[in-house]
Amino acid sequence: MNIQHLTYRFPVRVRRNQHACLEAALEEERLMYNKALEILRAHHDETGEVLGRKELFPRLTRIRKDDPERREHAQRLQRGAFDRARVAFENAVNRNRKTGKVGYPRFKGANRARTFGVIDREGWSIKGNRLRCKGVKPVEFREIRELPPDVRSWTMTRRDGRWTLAVVVAVECSDTPAEGPPVGIDMGVIDQIATSDGARIKAPCEKKIDAEIAEAQRKWDRIVEKDGKGKPKKASMKTARARKERRRINRLIKKRANRRRDHAHKVAKKLALNHELIVLEKLLIANMTRSAKGTKENPGTNAAAKRGLNKSMLRASLSRLKALLEYKCRLHGSRLVEVDPKNTSRECHECGHVAKENRRRKKFRCLSCGHEDDADVNAARNILRKGRGSPEDTGLRSGGSETAAPPTLGQHCK
Ligand SMILES: [Zn+2]
């Protein structure tokens, strides 16, 4: 039996009498996070090793013993803070090792803590839409989707004045293979997908929300004062009005991102449910490092920069879709295969003739056999054919756990 960890997010209804205790929990998170960093850093400086949970948590017990004020707060949540610091520190050390640089997580300054929560299943409960945990008043969340019974941990996050509850749940993967014909996918224009069965999936239009963001941005520009160089003055950014407007802009940007993500989830789910094999083009590393700005010897023109931007956005949507498909395919028992995209947009699907001239913008017309098709659909069909013949297509289901992701928060549904 295969288990997959997923993160579900729920908006939280915060009651007026609840604000103070949530703020207090954040402040305690901050203090404990910093305390843990201090301990980790000292130990690392001395021994060159990162303390594990087993060594770190007894330190917390000692701190609570010595300081009655700490005992007033829930140990569950303090352990969460300690563990978040440990993970951040461990990541930094690994990064240092890789890059040869030296950097450590920063101590959190006033109001810098955003998240608090638990790391395991003890000492709290969720019933209906209510979370109970020692240290905070019962949290009521909006049940925008059904919550599976096996909840492993949770965190509460405040962002731009709003609270969200993120819950890690364990879900069983389907052990019957998915049904439905194999499909190839071509990422044509930004966020527009063509499939080998001739369908096109378009991303939702963002014109309206883009305009709203631009409008809010202009308003913010009017509110803040600028210095001689046109940079906003720090003091004027901290006024209540400027802060309020900034929050509004952030919320709009978040809304747009949420919509995009929601769309990507829906597309991925539909694909994973309806096809036993899904073939994607591989992200090529060579393309990823190419800078849009060009080099000193070979400066990029404006057009090249724009093309670079489009490319990077295309890569972003492709990698996002891939990440979603990876776990959804595991969940629903379908297979995901990646192929080298070389020539897939130039090759005729009917006769195999490869020529750049076969493709004219959105139309594909083979110079050799005269076959005509939508250019992206033709590419998707080639991608599918490559995927079917590839060595990766061994008939093994991706239900295996060889690449199963660890249960970290925010991995799948940011
Ligand atoms: Zn042809």
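In this predicted model, seven strands form an open sheet in the order β2-β6-β7-β1-β5-β4-β3, and their pairing is antiparallel. The edges are taken by β2 (115-117) and β3, each of which has a single partner strand, so one side of each is left without a neighbour in the sheet. On average, neighbouring strands of this sheet are turned by 30° against each other, direction ignored.

One end of this sheet is a good place to follow the pairing strand by strand. Strand β3 (residues 124-127) and strand β4 (residues 130-133) are joined in the antiparallel sense over four bridges. Within this pair, Trp124 has Cys133 of β4 as its bridge partner. Two residues lie between the strands of the β3 and β4 hairpin, where Gly128 takes a positive phi near 60°. Moving on from β4, its pairing with β5 is also antiparallel, over three bridges. Here Arg130 is found opposite Glu140 in β5.

Two helices deserve a closer look beside this sheet. Helix α1 packs on the sheet and touches β2, β5, β6 and β7, with its direction at about 110° to that of β5. Helix α4 lies across β2, β3 and β4, and runs at about 125° to β2. These helices also meet one another: the axes of α1 and α4 come within 8 Å and cross at roughly 45°. The two are therefore oblique to each other, because angles from 35 to under 65 degrees fall outside the roughly parallel and roughly perpendicular ranges. The crossing of α1 and α4 is right-handed. On the α1 side, the residues making the contact include Ala25, Glu29, Met32, Tyr33, Ala36 and Leu40, while those of α4 include Leu77, Ala81, Phe82, Ala85, Phe89 and Val93.

The helices and the sheet come together again in the largest nonpolar core, which has 35 residues. Among its members, Ala36, Ala81, Ala85 and Leu165 touch the most others. At least two residues of this core come from each of β1 (3-13), α1 (19-47), α2 (53-66), α4 (75-99), β4, β5 (136-141), β6 (151-159) and β7 (162-172). Helix α1 gives the most, with eight residues. Which residues surround Ala81, once its neighbours within four places in sequence are left aside? Ala81 is in contact with Glu29, Met32, Tyr33, Ala36 and Phe116. A second, separate core is made of 31 residues, including Val279, Leu325, Cys329 and Val337.

The model also holds an open sheet of five strands, ordered β10-β9-β8-β11-β12, in which the pairing is mixed. Its edges are β10 (200-201) and β12 (335-339), each with a single partner strand, so one side of each is left without a neighbour in the sheet. Strand β11 (residues 277-281) runs parallel to β12, and five bridges join the two. In this pair, Ile278 has Leu336 of β12 as its bridge partner. Across β8 (183-187), β9 (193-195), β11 and β12 lies helix α10 (residues 375-389), whose direction is at about 130° to β8.

How values were computed:
Residues are numbered from 1 along each chain as its sequence is written. This is a predicted model: local features need pLDDT of at least 70, side-chain atom pairs count only at pLDDT 80 or more; totals for chains, interfaces and linings use all residues. Two strands pair if DSSP finds at least two bridges between them. Two residues are in contact if their C-beta atoms, placed from the backbone, lie within 7 Å. Axes are lines fitted to C-alpha atoms, for helices over the stretch in contact, and angles run from 0 to 180 degrees between N-to-C directions. A nonpolar core is a set of buried Ala, Val, Leu, Ile, Met, Phe, Trp, Tyr and Cys residues joined through C-beta atoms within 7 Å. A residue is buried if 20 or more other C-beta atoms lie within 10 Å of its own, exposed if 12 or fewer, and partly exposed in between; C-beta atoms are placed from the backbone. Angles under 35 degrees count as roughly parallel, over 145 as roughly antiparallel, 65 to 115 as roughly perpendicular and the rest as oblique. A crossing is left-handed if the near helix is turned anticlockwise from the far one by less than a right angle, and right-handed if clockwise.
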